[in-house]
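Reader: Hi! I'd like to go through this one with you, a bit at a time. Shall we start with the structure on screen?

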Amino acid sequence: MGVFCVSSWPDAIAHIDADAFFVECERATNPLLRGKAVVVGKERGIATALSYEAKALGIKRGMRIVDIKKQFPGVVVLNSDYEKYSMFSVRIFDILRRFSPVVEEYSIDEAFVDLKGLRAFYKKSYRELAVLIQKSIKEELGISVSLGVAPTKVLAKIASKLKKPGGIVVIKAKEIQNYLNIPVGSVWGIGPNTEALLAKFNIYTAIEFAKTDIAFLSRILSKPYIQIHRELRGEKVFNVDPSYKSSYKPISKATSFKPIADKNMLFAKIAKNVEDAAFKARRYALAPSRIAVFLKTDNFATENIKLKLRTPTNITSHLLEYARIGFERIYKEERSYRQTGVVLLNLTTKKRYDLFEDFTYLKKSALLYGIIDYVNTKFGRHSISIASTLPALEPKKQKLSVPFIGHVK
């Protein structure tokens, strides 16, 4: 068989894929879970994430938690903690950006990294770079990842899945054909319907698809599949996109619970909503210029208010000041409430400052919250929380929390 490309490395792209990511995050904050069969998704009643030990037992995603407990009594079943997973995700991307400025956040636990030209800079082969990236993530976060390195994104995604968990596969352009003896339906971007169509023309594997005449494929498939065909042959079509995956839609956080009337408890829940929303805004380097606060009564009526910020900010303590004003205006002592929530609106990446702002204070606040985000990522959600949220936290989490006052002057 002839080679697809002349050069071994016309381009170099790494795909990083975390192994059982949600479970790995739980293990990073609770090492006693290592080696055990773990299932995440208790709060939803179905398995949403599985450890490899759980998969080995025959447990599948989507299985009912009640059935898992009956059939596999030794399995550890946990609630999902999406804020924790988001924090670990941020740290993974931060580590990747230390190696290359061109990083695409493909999903919460996947990324593409453009490595072209970095061999000379680091004086390492692409495989050695992959090993170093994998080692850095493992040592700093306790998270296992698999890596694939190849001339294109499609090939890199194939490579990262060939030796899971904790594997590294490097596909040189001259060796592409050795890695394509896989079902065509397992290629990134080719779904069941396209797989069924190709089967009608006796195309069942990725190598058969890659070797099929492009003129014939153009008659039966649309442009995206022709691009995948070219990528499988080692021709880069899809660039690594380093822009943040955010459409600047409003960021909302809400909490539902049994109806309560206690004012302090209700505001504590609002404060937690603000804390979670602000963390997400900081993750994407976004700042709202408006904030909405809402309360849902025990008879499902909604009270809400929108407030304009003096200047866009993603600092939790700043947003909390406005949230308290809004809360005071819509809270009624004679009512019970079953849900709290906040929405950050009019998000922007541009920093605008008021002429009378204390810039030293702003700088200190940004530094402080950067440290808080790092600690919470490293040691688990609620390791540090604002004091206002404490009444709303579970007793165990209260013991772990280190409250602080929002002012840092």
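Reader: Which residues in H4 meet which residues in H6?

Author: Happy to help, and keep in mind that this is a predicted model. From H4 the residues are Phe88, Arg91, Ile92, Ile95, Leu96, Arg98 and Phe99. They meet Leu129, Leu132, Ile133, Ser136, Ile137, Glu140 and Leu141 in H6.

Reader: And how do the axes of H4 and H6 cross?

Author: The two axes come within 10 Å and cross at roughly 145 degrees. The crossing of H4 past H6 is right-handed.

Reader: What else does H4 touch? I'd guess there's a sheet to talk about.

Author: Let me give you the sheet before the helix. It is an open one of 5 strands, in the order E5-E6-E1-E7-E8, and the pairing is mixed. E5 (103–107) and E8 (168–170) are at the edges with a single partner strand each, so one side of each has no neighbour in the sheet. Neighbouring strands are turned by 15 degrees against each other on average, direction ignored. H4, residues 82–99, packs on this sheet and touches E1, E5 and E6. The direction of H4 makes about 155 degrees with that of E5.

Reader: How many bridges join E1 to E6?

Author: There are 5 bridges between E1 (residues 13–18) and E6 (residues 110–114), and the two strands run antiparallel. As an example, Ile16 stands opposite Ala111 in E6.

Reader: What about the 4-strand sheet, what order does it have?

Author: The order there is E9-E12-E10-E11, an open sheet with antiparallel pairing. Its edge strands are E9 (251–260) and E11 (302–308), each pairing on one side only. The twist from one strand to the next averages 15 degrees. E10, residues 287–297, pairs with E11 over 7 bridges, and Thr302 in E11 is the bridge partner of Lys296.

Reader: What's in the loop between E10 and E11?

Author: Phe300 is found in that loop. Phe300 isn't a glycine, but its phi is positive, near 70 degrees.

Reader: Is Phe300 buried or exposed?

Author: Exposed: the relative accessible area of Phe300 is 54%, and the cut-off for exposed is over 50%.

Reader: Which residue in the loop between E1 and H1 has a positive phi without being a glycine?

Author: That's Ala20, with a phi of about 45 degrees, in the loop between E1 and H1 (21–29). Most residues other than glycine have a negative phi. Ala20 has 18% relative accessibility and therefore counts as buried, given that buried means under 20%.

Reader: Where's the cis peptide bond to Pro165?

Author: The bond runs from Lys164 to Pro165, and omega is near -5 degrees. Pro165 lies in the loop between H7 and E8.

Reader: Changing topic: how many aromatic pairs are there?

Author: A search of the whole structure finds 12. One of these aromatic pairs is Phe21 with Phe22, which is tilted, with 6.1 Å centre to centre and 50 degrees between the planes. Both Phe21 and Phe22 are buried.

Reader: Why is the Tyr331 and Tyr337 pair called tilted?

Author: Their planes are at 35 degrees, with the ring centres 5.9 Å apart, so the pair is tilted; stacked would need planes under 30 degrees apart and edge-to-face over 60. Tyr331 is buried at 11% relative accessible area, and Tyr337 is buried at 0%. Ring pairs also link these two with Phe267 and Phe327 into a cluster.

Reader: Which charged end sits over the ring of Phe267?

Author: Arg324's, at 3.9 Å from the ring centre. Elsewhere, Lys153 lies over the face of Phe112, 4.7 Å from the ring centre.

Reader: And what does Lys263 touch?

Author: Leaving out residues up to four places away in sequence, Lys263 touches Phe327, Glu328 and Tyr331. Lys263 lies in H12 (residues 263–283) and is partly exposed at 31% relative accessible area. Lys263 and Glu333 are 70 residues apart in sequence, yet 7.6 Å apart in space, C-alpha to C-alpha.

Reader: Last one: how many residues of H11 are buried?

Author: 7 of its 10 residues are, so H11 (residues 223–232) is mostly covered, with buried meaning under 20% relative accessible area. Among them are Tyr225, His229 and Leu232. The buried residues of H11 pack against H7, H8, H9 and H10. Just after H11 comes Gly234, with a positive phi of about 95 degrees.

Note on methods. Residues are numbered from 1 along each chain as its sequence is written. This is a predicted model: local features need pLDDT of at least 70, side-chain atom pairs count only at pLDDT 80 or more; totals for chains, interfaces and linings use all residues. Side-chain values use heavy atoms; hydrogens and water are left out. Two strands pair if DSSP finds at least two bridges between them. Axes are lines fitted to C-alpha atoms, for helices over the stretch in contact, and angles run from 0 to 180 degrees between N-to-C directions. Contact means heavy atoms within 4.5 Å. Rings of Phe, Tyr and Trp (its six-membered ring) pair if their centres lie within 6.5 Å; planes under 30 degrees apart count as stacked, over 60 as edge-to-face and the rest as tilted. Buried means under 20% relative accessible area, exposed over 50%, partly exposed in between (1.4 Å probe, protein chains only). A charge sits over a ring if NZ of Lys or CZ of Arg is within 6 Å of the ring centre and within 35 degrees of the ring normal. A crossing is left-handed if the near helix is turned anticlockwise from the far one by less than a right angle, and right-handed if clockwise.
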